[in-house]
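Here is a short briefing to read alongside the structure. Take a look at the fold first, then follow the points below topic by topic.

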Amino acid sequence: MTPTTRAGLARAVPTALLLAMAACTDEAPPPPPSSSLAATSPGTATVTAADPPSADSEDKDTTVTIRLTLDGHQVDATLNDSATARDFAALLPLTLNLGDFHRKEKIADLPRRLSTSGAPDAVEANPGDLAYYAPWGNLALFYRGSLSSDAGLIILGRLNGGTERLATATEVTIEAAS
């Protein structure tokens, strides 16, 4: 069943039940649950309804967009839907001093360690990856590939461009994008 068919059935079934109940009583039926559609940006929309969405919703977008300001230049990034990335997002806004590590990544100490519950297996970092290095408790922003996987490296998300700015950046401010 497609999401459109499922959504149509979800609206039609309560309305049909209300009409059937109204036929058996002298009282007017209550209005059906309302829903509204509000555009949030080109190509996206937010649906609000009286009833919460079902747990099996296939169209759920749970990524978070953040904004990094690297030495005065803004770059957006997208966090993934991991427990560690959500814990990182809870720390925002942050302003951090960056240090260079092996001419591959910029690193910064975070104010506290992040949750690593359910963290995925080790992966190789690519240019533009935002990561958490659990053994040291720091943030890593890769401007070159790591060329190896490390069990303590957890990818949090990815820059949406602007990777070239990382090589020379000395400070970053990270905040939720509006």
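**A buried aspartate and its partner**

The side chains of D129 and R158 are joined by a polar contact of 2.8 Å. This is a predicted model, so please read each value below as computed from predicted coordinates. The chain holds two helices and eleven strands, and the notes below start at D129, then widen to the whole chain, a pocket and some backbone details.

**Around D129**

- D129 sits in strand β8, which covers residues 129-133.
- Is D129 buried or exposed? D129 counts as buried because its relative accessibility is 7%, and the cut-off for buried is under 20%.
- Beyond its neighbours within four places in sequence, D129 is in contact with E124, A140, L141, F142, I155, G157 and R158. The last of these, R158, is the residue whose side chain makes the 2.8 Å polar contact with that of D129.
- Two of those contacts can be placed in the fold: F142 belongs to β9 (138-142), and G157 falls within β10 (153-159).
- T78 is 51 residues away from D129 in sequence, yet their C-alpha atoms are 9.8 Å apart in space.

**The chain as a whole**

- In what order do the elements run from the N terminus on? The order is α-β-β-β-β-α-β-β-β-β-β-β-β.
- The chain has 178 residues, and 30% of them are buried.
- Of the contacts between residues at least 6 apart in sequence, 60% join residues at least 24 apart.
- The accessible surface of the chain is about 11,000 Å², and carbon and sulfur atoms account for 54% of that surface.

**The second largest pocket**

- The second largest pocket encloses about 260 Å³ of space.
- Its lining consists of 13 residues, and F101, E105, F142, S146 and D150 are the ones nearest the centre of the pocket.
- Which strands each supply at least two residues of this lining? They are β7 (105-109) and β9 (138-142).
- Sorted by class, the lining of the second largest pocket has six nonpolar, four polar and three charged residues.
- F142 links two topics here, as F142 is among the lining residues nearest the pocket centre and is also in contact with D129.

**A second buried aspartate: D87**

- D87 lies in helix α2, which spans residues 83-89.
- D87 counts as buried because its relative accessibility is 16%.
- The side chain of D87 has a polar contact of 2.7 Å with the side chain of R112.
- Setting aside neighbours within four places in sequence, D87 is in contact with R112, R113, L114 and S115.

**Two more buried positions**

- L70 is part of strand β3, residues 64-70. With a relative accessible area of 1%, L70 is buried.
- Leaving out neighbours within four places in sequence, the contacts of L70 are V75, L98, R165, L166, A169, E171 and V172.
- How far apart are the C-alpha atoms of L70 and A169? They are separated by 5.8 Å, although the two residues are 99 residues apart along the chain.
- G152 is found in the loop between β9 and β10. Despite its place in a loop, G152 counts as buried, at 9% relative accessibility.
- Not counting residues up to four places away in sequence, G152 touches Y132, Y133, A134 and P135.
- G152 and T116 are 36 residues apart along the chain, with 9.4 Å between their C-alpha atoms.

**Backbone details to check by eye**

- The peptide bond from L92 to P93 is cis, and its omega is near 5°. P93 is in the loop between α2 and β5 (94-97).
- H102 is in the loop between β6 (99-101) and β7, and R103 is found in the loop between β6 and β7 as well.
- Phi of H102 is positive, near 55°, in a residue other than glycine. R103, also not a glycine, has a positive phi of about 50°.
- Are H102 and R103 buried or exposed? H102 is exposed, with a relative accessible area of 59%, and R103 counts as exposed at 64% relative accessibility.

Definitions and conventions. Residues are numbered from 1 along each chain as its sequence is written. This is a predicted model: local features need pLDDT of at least 70, side-chain atom pairs count only at pLDDT 80 or more; totals for chains, interfaces and linings use all residues. Side-chain values use heavy atoms; hydrogens and water are left out. Helices (H or I, at least four residues) and strands (E, at least two) are DSSP runs, numbered from the N terminus. Buried means under 20% relative accessible area, exposed over 50%, partly exposed in between (1.4 Å probe, protein chains only). Contact means heavy atoms within 4.5 Å. Accessible areas come from the Shrake-Rupley method with a 1.4 Å probe; for residues, only the protein chains shown count as cover. On a 1 Å grid over the protein atoms alone, a cavity is a set of points where a 1.4 Å probe fits but cannot get out, and a pocket is an open set with protein on both sides within 12 Å along at least five of seven lines; lining residues have an atom within 4 Å of a point. Grid points are joined across faces, edges and corners, and a volume is the space filled by probe spheres set on the points. Ala, Val, Leu, Ile, Met, Phe, Trp, Tyr, Cys and Pro count as nonpolar, Asp, Glu, Lys and Arg as charged, and the others, Gly among them, as polar. A polar contact is a pair of N or O atoms within 3.5 Å; within protein, one must be able to donate a hydrogen and the other to accept it, and residues adjacent in sequence count only if both atoms are side-chain atoms.
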